[in-house]
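Got your viewer open? Let's take a short walk through this model, one selection at a time.

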Amino acid sequence: MKKIEAKQIYKNFQDLQVLKGIDLEVGEGEVVAVIGPSGSGKSTLLRCLNKLETINSGTIIIDGETLVSTTAAGQVQYAPGNESIRIATKMGMVFQQFNLFPHMTVLENLIEAPVHVQKRPVAEATRDAEALLQKVGLLEKRDVYPRRLSGGQQQRVAIARALAMHPDIMLFDEPTSSLDPELTGEVLKTMRNLAEENMTMVVVTHEMGFAKEVARKVIFMADGIVQEQGTPVEIFEHPHNERLQAFLKSILK
Amino acid sequence: MDYILSIIPQMLMGTVDTLKLFFVTIVLSIPLGIFLAMGRVSAFKWLRSAISGYVWLLRGTPLMLQLLFVYYGLPFIPVIGIRMDDFPAAVLAFVLNYAAYFCEIFRAGIQSIPVGQYEAARTLGMNYSQTMRRIVLPQVFKIILPPVSNETITLVKDTSLIYVLAMNDLLRTTRNLVQRDFNIMPFLVAAVFYLVMTLFLTYMFNRLEKRFSRYD
């Protein structure tokens, strides 16, 4: 069963074409790493999947439900308001800048949406949140405000916050790019654990180690198109595409 | 000393009028300012322009002029010509004027919240009103506390402008006493009254700022 099916995604920012006909398929429990030089459109692709950006053309089907489709006449049709929110929130998202709510404690960050969006009882949401904090190793920080945490800890809280909504899919937008190198390990470990629990994940990343070891499929993007995709071995050991070969050479230096 | 004690009851009466205007203005102009600010940053261009025009007009003319216009000018406007008592007229002028200032303060506050906060709220399924109420505005309140405190203290003193409507606020009461008794002591007492009010406000805002700083 496909969890994400995106077909022929086009996206412009004014005159700038950022995505030029992207196809992406993600199966259940699959971990897909999206790599590529900056400006290649990989973050934009991720943001189109959960409607943080609206597309100019194409089809996105999440877990069998159509978020957006395009008619033969080129008319882009999103699912109506509440429907598209429901479909988009099947995906949790983790941002490069964490985006925790600074005026709320760690626990309050985690229960905010379960209580106010999903209308779950506070006690139940709290139990759930504590279990998640345990999982990311930060239970003892439950009553601390985000500013008191290191970047790595903040990002782990952000992962737990997204998981608290019980998403089917997790999207990671360069989750370690704004972290000091010594803090990336703890975040990658949390993501690895999640992958081992068969969470479906799409990860835009510069961490080639993670892409190699955890991803089942690696997608290389440049200039708004998928240049090459395949298993980590295919991509990293036997690259065919010239752009990919150049990219791998440049990051190994 | 006996003289001071003898004028205090009258001056307290004047202070009551001053405080009434102060509280009604605060209670009405801050929420109005928040709504205007939300319109000022909304997606509707006509609404944004209309509110900028409003702010420009109300900040660009003297409050005293607005006060005189509402009280003496409005009755002569064709069709809507309304004649108001002095207190409602004063409230109307003060609320309209202060809402314009609060609008600008809140607009700056709202715009200083990073876009990532809205995006995080959105990926968690929160709608616009939940995002504003629970995520954006609580952070805005912390940022805008110092300028709001400033405006509020200015308002205490600005209330003395209702002097021109012949209302017996603290300032006019004082002035009457000075003229009646040929004694400038009431001026000093009035200064102390104003200082006590602003001191109290300063104290309250400091406490609020301390409360909001807990997440730094």
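**Where the chains meet**

Start by selecting A:Glu112 and B:Arg134: their side chains form a salt bridge, 2.5 Å from N to O. Keep in mind that you are looking at a predicted model. Between chain A and chain B there are two salt bridges in the count, and eight residue pairs are in polar contact across the interface.

Next, colour β7 (91-94) and α3 (106-116) of chain A, since each gives at least two residues to the side of chain A that touches chain B. The largest share of that side, three residues, belongs to α3(A). Sorted by class, the side of chain A that touches chain B has 13 nonpolar, five polar and seven charged residues.

Now show the whole contact: 25 residues from chain A and 18 residues from chain B. Pick out A:Phe101, A:His103 and A:Tyr145, which lose the most area to chain B in chain A, together 26% of what that side buries. The two chains bury about 2,100 Å² between them, with 58% of it on carbon and sulfur atoms.

**Into the cavities**

How many cavities of 30 Å³ or more does a search of the whole structure find? There are two.

For the largest, about 60 Å³ in volume, select residues including A:Lys135, A:Leu163 and A:Glu197 from its lining. Helix α6 (residues 181-196) of chain A supplies the largest share of that lining, three residues.

Finish at the second largest cavity, about 40 Å³. Its lining draws on both chains, with A:Phe95, A:Arg161 and B:Leu124 among them. By class, that lining has eight nonpolar, one polar and one charged residues.

Conventions: Residues numbered from 1 in each chain as written. Chains lettered and ligands numbered in written order. Predicted model: local features only at pLDDT ≥ 70, side-chain atom pairs only at ≥ 80, totals over all residues. Heavy atoms only, no water. Contact = heavy atoms within 4.5 Å. Buried area = accessible area lost by both parts, 1.4 Å probe. Salt bridge = Lys/Arg side-chain N within 4 Å of Asp/Glu carboxyl O. Polar contact = N/O pair within 3.5 Å; in protein donor to acceptor, adjacent residues only side chain to side chain. Helix = DSSP H or I, 4+ residues; strand = E, 2+ residues; numbered from the N terminus. Nonpolar A, V, L, I, M, F, W, Y, C, P; charged D, E, K, R; others polar. 1 Å grid on protein atoms, 1.4 Å probe; cavity = no way out; pocket = protein on both sides within 12 Å on 5 of 7 lines; lining within 4 Å. Points joined across faces, edges and corners; volume = space filled by probe spheres on them.
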